Amino acid sequence: MNRTFLKFGVAVLMVAMAGMTAGCKTGQKFEAPKIPSIQPENVHGVMAPDDNNIWIVGNYGIIYHSSDGGKNWVAQNSGMKTLLCDGVFVDAKTGWVIGINGTILHTSDGGNTWVKQDSGTQKHLFGIAFTDKDYGWAVGEYSTIIHTTDGGATWKPQQPEADKIYNNVCFTDRQNGWIVGEAGSMVHTTDGGTTWTQVVPKVFERNGLEDEYERPRPSLFCI
């Protein structure tokens, strides 16, 4: 019985060794996957309202669009040369893009034309969310939160300036939303941003300044 088990073990080992040698031949070159390059500049935001339409934004005001799920890409003229950080589309035609120096761009024709909106701020904007064609929020440095109820025709602040960076915002409907940012910052609203309440998950709780210094909270970049 032991001899049978030994023969079985040797057979398994030989099969395994054969598989290893078959998969890696001496002198054989590994071919890297062919990943097409869309643009040499850094990309900071991706928007996909459906399976076919995708937009990317990034350095020097670049905006690229694909209408076939990413197989082909076409450059769109943003009219800007500054950094674009994020964007959102509520359908295949209607979208917004944000960036540094309070930049907000809007399109109603799928990006064929982009129109600059007056954000009312020069603060850098890093995150944006819309629940429909009218209601939207954008966030950024110095605790900036701006809100629109008319598709971006007018933007109004929802919170006084403070020494925090907000990186991203998400709303599930016109009333309920969350914002995250540096040093574990997390705030929540149930009234469309009229009031914001700080959220501190248990893992982020600290016992005084010394504990905060020894275990700094991580920055949050997406929600």
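Q: Two strands pair if DSSP finds at least two bridges between them; in this predicted model, which residue in β2 is the bridge partner of Gly45?
A: Strand β1, which covers residues 43–47, and strand β2, which covers residues 54–58, run antiparallel and are joined by four bridges. A hairpin of six residues leads from β1 to β2. Looking across from Gly45 into β2, the bridge partner is Val57.

Q: Which strands stand at the edges of the open sheet β13-β14-β15-β16, each pairing on one side only?
A: In general, strands of a sheet pair through backbone hydrogen bonds, in either a parallel or an antiparallel sense. In this open sheet the four strands follow the order β13-β14-β15-β16, and their pairing is antiparallel. The strands that pair on one side only are β13 (166–171) and β16 (197–198).

Q: Which residue in β14 does Phe171 stand opposite?
A: The antiparallel pairing of β13 with strand β14, residues 177–181, extends over five bridges. Across from Phe171, the residue found in β14 is Gly177.

Q: Which residue in β10 does Phe130 stand opposite?
A: Another open sheet has four strands in the order β9-β10-β11-β12, again with antiparallel pairing. Here β9 (125–130) and β12 (156–157) are the edge strands, and each has a single partner strand, so one side of each is left without a neighbour in the sheet. The antiparallel pairing of β9 with strand β10, residues 136–140, runs over five bridges. Within β10, the residue opposite Phe130 is Gly136.

Q: Are the residues of strand β6 that point one way and the other way buried or exposed?
A: A residue counts as buried when its relative accessible area is under 20%. Five of the five residues of β6, residues 95–99, meet that description, so the strand is largely enclosed by the rest of the structure. Gly95, Val97 and Gly99 point one way while Trp96 and Ile98 point the other way, and all of them are buried.

Q: Which residue in β7 does Trp96 stand opposite?
A: On one side, strand β5 (residues 84–89) runs antiparallel to β6 and is joined to it by five bridges, with Trp96 as the bridge partner of Val88. Strand β7, residues 104–107, also pairs with β6 in the antiparallel sense, over four bridges. The hairpin of β6 and β7 has four residues between the strands, and Asn101 in its turn has a positive phi of about 60°. In β7, the residue opposite Trp96 is His106.

Q: Why is the pair of Phe89 and Trp114 given its name, and what is that name?
A: Searching the whole structure gives seven aromatic pairs. One of them is Phe89 with Trp114, whose ring centres are 6.1 Å apart and whose planes meet at 85°; since planes over 60 degrees apart give this arrangement, the pair is edge-to-face.

Q: How many residues apart in sequence are the parts that Phe171 and Trp196 tie together?
A: The rings of Phe171 and Trp196 have centres 6.1 Å apart and planes at 90°, so this pair is edge-to-face. Phe171 is buried at a relative accessible area of 9%, and Trp196 is buried at 16%. Because Phe171 lies in strand β13 and Trp196 in the loop between β15 (186–189) and β16, the number of residues separating the parts they tie together is 25.

Q: Which residues form one aromatic cluster?
A: Phe171, which is buried, belongs to this group together with Trp196, which is also buried. The full cluster consists of Tyr135, Trp137, Phe171 and Trp196.

Key. Residues numbered from 1 in each chain as written. Predicted model: local features only at pLDDT ≥ 70, side-chain atom pairs only at ≥ 80, totals over all residues. Heavy atoms only, no water. Pairing = 2+ DSSP bridges. Helix = DSSP H or I, 4+ residues; strand = E, 2+ residues; numbered from the N terminus. Buried < 20%, exposed > 50% of the residue type's maximum accessible area, 1.4 Å probe, protein only. Phe/Tyr/Trp six-rings, centres within 6.5 Å; stacked < 30°, edge-to-face > 60°.
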